[in-house]
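Hello,

Here is the structure I promised to pass on to you. Have a look at it first, and then read on for what turned up.

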Amino acid sequence: MANPKNEARRSSYLIFFPLLFIMLILEIVHLPAMIAPYRPDFLALLLIFFASSDPKRINVGWAWCSGLLLDLLSGAPLGFNALILAFQVYIILSQFKSFISFMLWQQIIIIGIVNLIGHIVVYWAGHLIAQGTYSGNFGWPTVVTMVLWPFMMVLLVALWRVFNIISASVKVEKEI
């Protein structure tokens with residue numbers, strides 16, 4: 001049996017890029033009209049987890065680039081989703097330094113508040129550039145995103161352990 005200290009530790013990029021690709025696909029896939037208003041923000045959840053787990057490697061810059069990719073894939077105005085994703089990651093990183101070590105219910109509330117603010121900004125900005133629709137359903141994706149966070153967290157932590165990922169931050173490594 002191998003000594004755990006001698007095992008090779010891997011960078012978080014090993015699972016971040018394939019998961020980013022999968023989340024981008026989940027963001028652009030067309031859903032039936034009944035389910036479409038409840039689509040969670042998969043990409044935001046992924047970026048928040050990685051930014052709070054490994055802030056030296058995955059940060060606001062990666063959120064911005066991921067948002068630009070989403071803008072290009074979805075046909076949204078360039079920088080629209082990038083701004084929202086970077087805003088959400090920035091709020092989590094700047095205001096909640098040890099977000100990953102918070103209790104799960106606290107994380108859910110924080111994710112919900114930050115995501116709701118993001119949806120309100122998207123709704124407002126869409127109306128400013130005359131591409132908005134008058135719909136009161138911008139709160140439902142936030143609720144679904146909040147419900148999805150614990151499942152996403154368990155899945156990502158399991159992948160983190162299976163692939164033996166090392167964080168650039170020692171404190172986060174002890175928490176996960």
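Below is a short tour, from the whole chain down to single residues.

Please keep in mind that this is a predicted model. The chain holds 7 helices and 0 strands, so if you read the elements from the N terminus you simply get α-α-α-α-α-α-α. Out of 176 residues, 40% count as buried. Take the contacts between residues at least 6 apart in sequence: 68% of them join residues at least 24 apart.

A good place to begin is α1, which covers residues 13–28. Its 16 residues reach 22 Å from the first C-alpha to the last, close to the 22 Å expected at 1.5 Å a residue. Which residues of α1 are buried? They are I15, F16, L19, L20, M23, L24 and E27. These residues cover an arc of only 160° around the axis, so they sit on the same side of α1. The general background is that an α-helix has 3.6 residues a turn, so residues three or four places apart point the same way. As for partners, the buried residues of α1 pack against α2 (42–53), α3 (60–74) and α6 (140–162).

Next, look at α3 together with α4 (residues 80–95). The two pack at an angle of about 155°, and their axes are 7 Å apart. Because angles over 145 degrees count as roughly antiparallel, α3 is roughly antiparallel to α4. The crossing of α3 past α4 is right-handed. On the α3 side, the residues making the contact include V60, W64, G67, L68 and D71. On the α4 side, F80, L83, A86, V89 and Y90 are among them.

Finally, two residues deserve a closer look, H119 and T142. H119 belongs to α5 (residues 104–128), while T142 is part of α6. Are they buried or exposed? H119 is buried, with a relative accessible area of 15%, and T142 is buried too, at 4%; the cut-off for buried is under 20%.

Leaving out residues up to four places away in sequence, H119 touches D41, F138, P141 and T142. With its own neighbours within four places set aside, T142 is in contact with G112, N115, L116 and H119. One of these partners, L116, is 26 residues from T142 along the chain, yet their C-alpha atoms are separated by 5.7 Å.

Enjoy exploring it, and do write back with any questions.

Best wishes

Technical notes:
Residues are numbered from 1 along each chain as its sequence is written. This is a predicted model: local features need pLDDT of at least 70, side-chain atom pairs count only at pLDDT 80 or more; totals for chains, interfaces and linings use all residues. Side-chain values use heavy atoms; hydrogens and water are left out. Helices (H or I, at least four residues) and strands (E, at least two) are DSSP runs, numbered from the N terminus. The expected span of a helix is 1.5 Å times one less than its number of residues. Buried means under 20% relative accessible area, exposed over 50%, partly exposed in between (1.4 Å probe, protein chains only). The arc is that of the directions from the helix axis to the C-beta atoms. Contact means heavy atoms within 4.5 Å. Axes are lines fitted to C-alpha atoms, for helices over the stretch in contact, and angles run from 0 to 180 degrees between N-to-C directions. Angles under 35 degrees count as roughly parallel, over 145 as roughly antiparallel, 65 to 115 as roughly perpendicular and the rest as oblique. A crossing is left-handed if the near helix is turned anticlockwise from the far one by less than a right angle, and right-handed if clockwise.
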